[in-house]
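This report introduces a protein model to a reader who has not met it before. It begins with a single residue and then turns to the pockets and to the confidence of the prediction.

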Amino acid sequence: MSNLPQPSRRQALKFLASAPMLPLGAMSVSSLMAGCATSGASTAPMAGSFASAAFTSMAAPSLANAAAMATTTVASSLQVSMKDGSTRAFKLAYQPFFITGDRVPDGKGGTVLAGGYVDIVNRPIIDKSVSGKERQFFSDCPDGTSLLKLDHPKVSGIKGKAVFAVVQFEYANADLSGADAYGTLPSPIAVLTLDQDQSTGALSLVKYSNVDTSAVQGLWITCGSSLSPWNTHLSSEEYEPDAPFIADNKQFKAFSKNLFGDESVANPYHYGHMPEVTVKPDGTGAIAKHFCMGRISHELVQVMPDNRTVLMGDDCTNGGLFMFVADKEKVLSAGTLYVAKIQGKFSINPSDASAKLGWIKLGHATSKDIEKLADKLKASDIMDVRLKDPADASFTQIFVNGKANWVKLKPGMEKAAAFLETHRYAALMGGSLAFTKMEGTTVNIKDKVAYSALAYIQDSMVKGGKGWTAQAGITLDKALLAGGVLSHTLSGGQVDHTGAAIASEWVPAAMRTLLTGEDIAPDALGNLAHPDKIANPDNLKFSEKLRTLFIGEDSGMHVNNFLWAYNVDTKQLSRVMSVPSGAEATGLGAVDDMNGWMYITSNFQHPGDWSKKLHGKVQATLDPLVRANYKDRFGAAVGYLTADQTGIKLG
């Protein structure tokens with residue numbers, strides 16, 4: 001630390017405004033300001049303008065402190081360097097807004113169940129699986145979160161400034177009886193009104209408002225999300241219901257029953273699209289679904305700085321790298337859909353050269369046009385799909401979710417296929433449908449680089465693996481179960497497969513592997529991937545000011561999943577936080593400046609979701625602790641990283 005004279009109150013405030021600040025505990029800043037006010041009229045200059053920042057890396061928790069493995073644990077710090085050579089340290093901590101299942105304020109003098117499920121007319125959906133213990137279903141799987149502000153908020157009860165968070169809940173892991181409930185309930189999504197303390201940056205929940213999703217037929221498995229440049233929440237619907245075989249889909253029938261009260265009402269073509277939530281000044285939200293962005297396993301999309309180009313994750317086996325270019329800025333209801341074609345050797349060795357990418361145009365559409373098609377068409381109207389070889393040359397073999405399909409497009413159904421059977425049509429058109437669980441995407445604007453997470457590198461990416469086909473252009477010799485992060489070079493002047501110009505300066509032209517995990521034999525704790533490297537990356541967010549790529553894990557290979565910070569300049573990888581054992585790190589967001597404060601949002605889901613192979617050495621010890629912390633494993637946290645109240649040092 002630099003040894004500077006005690007600053008004045010004004011100088012301290014100037015420093016706080018110049019650095020990327022994390023919110024502090026209420027005691028720390030008030031004590032700091034009081035100390036500054038009584039320290040005398042020092043005229044020594046405060047630290048200069050911000051230069052860089054780095055995260056220290058915490059050790060992974062172990063059974064030596066079992067309690068740390070059963071909750072969110074933060075033992076890292078943010079080291080801030082100023083241009084005059086001075087440094088400041090911010091010890092980090094985690095602050096939840098709530099645990100799902102809590103009763104939280106509804107802004108009307110009452111309360112509402114956080115993460116609670118409702119049907120198409122907004123009535124609570126009741127878990128009746130255990131007689132005498134009936135209660136409203138609530139999610140243990142909060143996921144995508146967007147933090148934002150509005151110019152003229154109109155919410156009562158705000159003492160500082162109003163900040164809003166949109167939070168979506170992916171699924172419920174189980175009902176009270178323990179039966180699997182995955183995908184059987186319509187995903188809730190809520191707007192949180194938060195009171196931002198202007199002296200500390202701390203956020204407190206004032207109002208929780210469920211978004212009415214009835215106008216979009218409810219939501220299906222909302223996973224990762226991002227904040228658009230125009231301040232809206234871009235949600236997701238992953239693992240789109242497989243329309244040609246929906247009659248045999250018990251999960252979808254249960255979803256329809258819970259949502260509509262009838263297992264035959266829900267239409268599979270209404271799900272697997274891109275929802276967008278707009279927050280209103282009163283802390284409520286309005287939602288729309290964009291049917292023209294491809295019906296894929298939407299995970300987490302990233303809009304580029306042109307406000308038109310959208311790079312999309314595709315969280316499935318035989319997934320693709322998809323791109324949407326909107327006709328108009330800030331309007332996603334019309335545009336052109338593309339899929340990438342790998343044109344060079346793809347490698348998972350970070351030291352190898354990039355593979356060039358080409359782009360296949362799948363079609364142009366408006367959301368209204370495709371929604372009309374979704375309303376009236378059945379899968380059999382669009383294409384003939386077989387799971388066994390029909391021995392008919394008019395069919396083409398492709399792979400979908402690791403399984404061989406033989407498909408034949410019906411005459412005149414190109415547009416319907418492109419936007420409602422996107423995976424099958426993209427494979428027919430020659431796209432590289434080979435990726436496995438391509439999840440979060442984000443962008444580094446300064447370097448004009450985008451990043452994509454590959455939670456697993458296996459199956460359709462490995463020669464001879466499930467769903468592998470040579471034409472997709474990825475032929476790895478063996479799997480890397482720990483996964484990795486891809487880096488995409490972005491540029492303009494590119495053309496599609498017909499030679500037509502792509503109207504964007506932010507098109508991925510080449511991809512390479514940036515980071516990988518490392519598979520290992522089980523260690524003393526049970527880890528199946530190296531604990532000091534990433535494993536199964538999922539959420540990605542990039543901070544321009546910190547020059548840092550944040551990586552949240554959805555790992556079946558780390559006993560505890562972690563949130564990592566990777567500095568793209570220094571190449572330093574730091575473990576920032578550990579979530580409860582058996583839980584997935586979700587809801588990642590990086591906000592460089594919210595009324596002068598920096599925030600890192602982070603949730604987790606399904607704590608104590610035990611796997612015998614991975615958690616066999618820790619489950620007996622940790623299960624009672626996790627149950628005690630998180631509502632018998634039915635609850636999970638929504639919150640953010642903050643600076644601990646003892647963490648700031650100015651001298």
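## One residue and two pockets

Leaving aside the neighbours within four places in sequence, L377 is in contact with Y269, I382, M413 and A416. The model in which these contacts are found is a predicted one. L377 itself is placed in the loop between α5 (367–376) and α6 (379–382). Because its relative accessibility is 12%, and buried means under 20%, L377 counts as buried. One of its contacts, Y269, lies 108 residues away from L377 in sequence, while the two are 8.5 Å apart in space, C-alpha to C-alpha.

The pockets of the model can be set out side by side.

| Pocket | Volume | Lining residues | Closest to the centre |
|---|---|---|---|
| Largest pocket | about 660 Å³ | 27 residues | L227, S228, Q302, F542 and A590 |
| Second largest pocket | about 560 Å³ | 25 residues | E240, P241, D242, N249 and N401 |

In the largest pocket, the elements that give two or more residues to the lining are β8 (142–148), β12 (226–227), β16 (298–303), β24 (435–444), β28 (537–543) and β32 (584–594). Of these, β32 provides the largest share, with 6 residues. Sorted by character, the lining of the largest pocket consists of 12 nonpolar, 10 polar and 5 charged residues.

Turning to the second largest pocket, the elements that give two or more residues to its lining are β23 (403–409) and α8 (422–428), and α8 gives the most, with 3 residues. The residues lining this second largest pocket divide into 12 nonpolar, 7 polar and 6 charged.

How confident is the prediction, and what is the mean pLDDT of the chain? The mean pLDDT is 92, and 92% of the residues in the chain reach 70 or more. Over residues 24–47, however, the pLDDT is below 50, although this stretch has 50 contacts in the model beyond near neighbours in sequence. Residues 646–651 likewise have a pLDDT below 50, and this stretch has 21 contacts in the model beyond near neighbours in sequence.

Note on methods
Residues are numbered from 1 along each chain as its sequence is written. This is a predicted model: local features need pLDDT of at least 70, side-chain atom pairs count only at pLDDT 80 or more; totals for chains, interfaces and linings use all residues. Side-chain values use heavy atoms; hydrogens and water are left out. pLDDT is the predictor's confidence in each residue, from 0 to 100. Contact means heavy atoms within 4.5 Å. On a 1 Å grid over the protein atoms alone, a cavity is a set of points where a 1.4 Å probe fits but cannot get out, and a pocket is an open set with protein on both sides within 12 Å along at least five of seven lines; lining residues have an atom within 4 Å of a point. Grid points are joined across faces, edges and corners, and a volume is the space filled by probe spheres set on the points. Helices (H or I, at least four residues) and strands (E, at least two) are DSSP runs, numbered from the N terminus. Ala, Val, Leu, Ile, Met, Phe, Trp, Tyr, Cys and Pro count as nonpolar, Asp, Glu, Lys and Arg as charged, and the others, Gly among them, as polar. Buried means under 20% relative accessible area, exposed over 50%, partly exposed in between (1.4 Å probe, protein chains only).
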